[in-house]
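The exercises below ask you to read a structure step by step, and each task is followed by a worked solution. Try each task yourself before reading on.

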Amino acid sequence: MGTKTVDEAGTDTGTGATSDEKTVDVTKEDVTEADVTETDVTETDGSVTDEADDTTGDDTAEDDTPGDGEGATGVGQGAAAVVSAGLGVVSLTGSWVATVAAARETLVGQLQTSSSASVAKQVKEVYGDAWAATALVGGLFALAALIVGVVVLARPAFGAPGRPQAAWIKSVAWAGVSLGVIGLVLAVAKYSDILLGLPSTG
């Protein structure tokens with residue numbers, strides 16, 4: 001019984017040793033497979049990351065490149081804003097159109113007014129109508145400047161969403177609107193003789 005027990009113990013011991021060896025071997029194999037798996041995953045993640053970076057870079061490059069329509073719209077709005085400001089300046093400083101209109105009214109007044117007419121009538125026909133013509137032309141330029149400036153400022157509301165208008169375009173357009181309002185007010189005041197009316201002939 002004792003010998004058998006020893007044999008069984010030895011057998012058990014041997015079996016245990018064998019099991020331990022197998023366990024160690026399996027563990028080594030598992031570790032090796034885990035390392036290989038982690039390496040593969042790392043390499044795969046790296047390739048995916050590189051592809052993602054390349055894709056992101058391509059998308060960014062495509063998004064940063066403005067389209068032909070957007071560039072044309074920006075150029076048109078900028079040109080219109082400059083035109084608005086220019087018209088506003090002309091409405092305040094005068095133009096050759098206003099000069100010709102005033103000279104024509106002066107000539108017409110001289111032709112239609114007889115030498116026997118009163119001084120007040122002569123002043124009105126020769127000078128008053130000419131000044132009124134100058135104010136009228138200036139008011140038309142001011143009104144044009146105001147309309148063009150308002151159209152430029154309102155244009156983004158009817159365009160593609162998410163594309164803000166350039167700051168300099170807004171500034172120039174607001175300048176044109178401001179000059180147009182000032183020129184229009186002055187033209188109305190001069191045409192109605194509120195500002196710089198005809199001198200008294202009494």
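**Exercise 1. Find where the confidence is lowest and highest in the protein.**

Step 1. Confidence is given as pLDDT, the predictor's confidence in each residue from 0 to 100, and helices are DSSP runs (H or I, at least four residues; strands are E, at least two) numbered from the N terminus. In the protein, helix 1 (residues 2-64) has the lowest confidence, with a mean of 46, while helix 5 has the highest, at 94.

Step 2. Residues 1-49 have a pLDDT below 50, and beyond near neighbours in sequence this stretch makes 0 contacts in the model, where a contact means heavy atoms within 4.5 Å. Residues 55-68 also have a pLDDT below 50, again with 0 contacts beyond near neighbours in sequence.

Step 3. Where pLDDT is low, the predicted coordinates should not be read in detail.

Step 4. For the protein, the average pLDDT is 73, and 62% of the residues score at least 70. Because this is a predicted model, local features need pLDDT of at least 70 and side-chain atom pairs count only at pLDDT 80 or more, although totals for chains, interfaces and linings use all residues. Residues are numbered from 1 along each chain as its sequence is written, and side-chain values use heavy atoms, with hydrogens and water left out.

**Exercise 2. Describe the elements of the protein and how much of the protein is buried.**

Step 1. The protein has 5 helices and 0 strands, so that, by the DSSP definition, its elements run α-α-α-α-α from the N terminus on.

Step 2. Buried means under 20% relative accessible area, exposed means over 50%, and partly exposed lies in between (1.4 Å probe, protein chains only). Of the 202 residues of the protein, 19% count as buried.

Step 3. Among contacts between residues at least 6 apart in sequence, 81% join residues at least 24 apart.

**Exercise 3. Place Ala81, Ser91 and Ser95, and decide for each whether the residue is buried or exposed.**

Step 1. Ala81 is found in helix 2 and is buried, with a relative accessible area of 0%. Not counting residues up to four places away in sequence, Ala81 touches Val152, Ile169, Val172 and Ala173. Ala81 and Val150 are 69 residues apart in sequence, yet their C-alpha atoms are 9.3 Å apart in space.

Step 2. Ser91 also lies in helix 2, and its relative accessible area of 11% makes Ser91 buried. With residues up to four places away left out, the residues that Ser91 touches include Phe141 and Leu179.

Step 3. Ser95 sits in the loop between helix 2 and helix 3 (96-112), and Ser95 is buried at 15% relative accessible area. Leaving aside neighbours within four places in sequence, Ser95 is in contact with Val90, Val137 and Phe141.

**Exercise 4. Which residue has a positive phi although it is not a glycine, and where is that residue found?**

Step 1. The residue is Asp193, whose phi is about 65 degrees.

Step 2. Asp193 is found in the segment after helix 5 (167-191), and Asp193 counts as partly exposed, at 42% relative accessibility.
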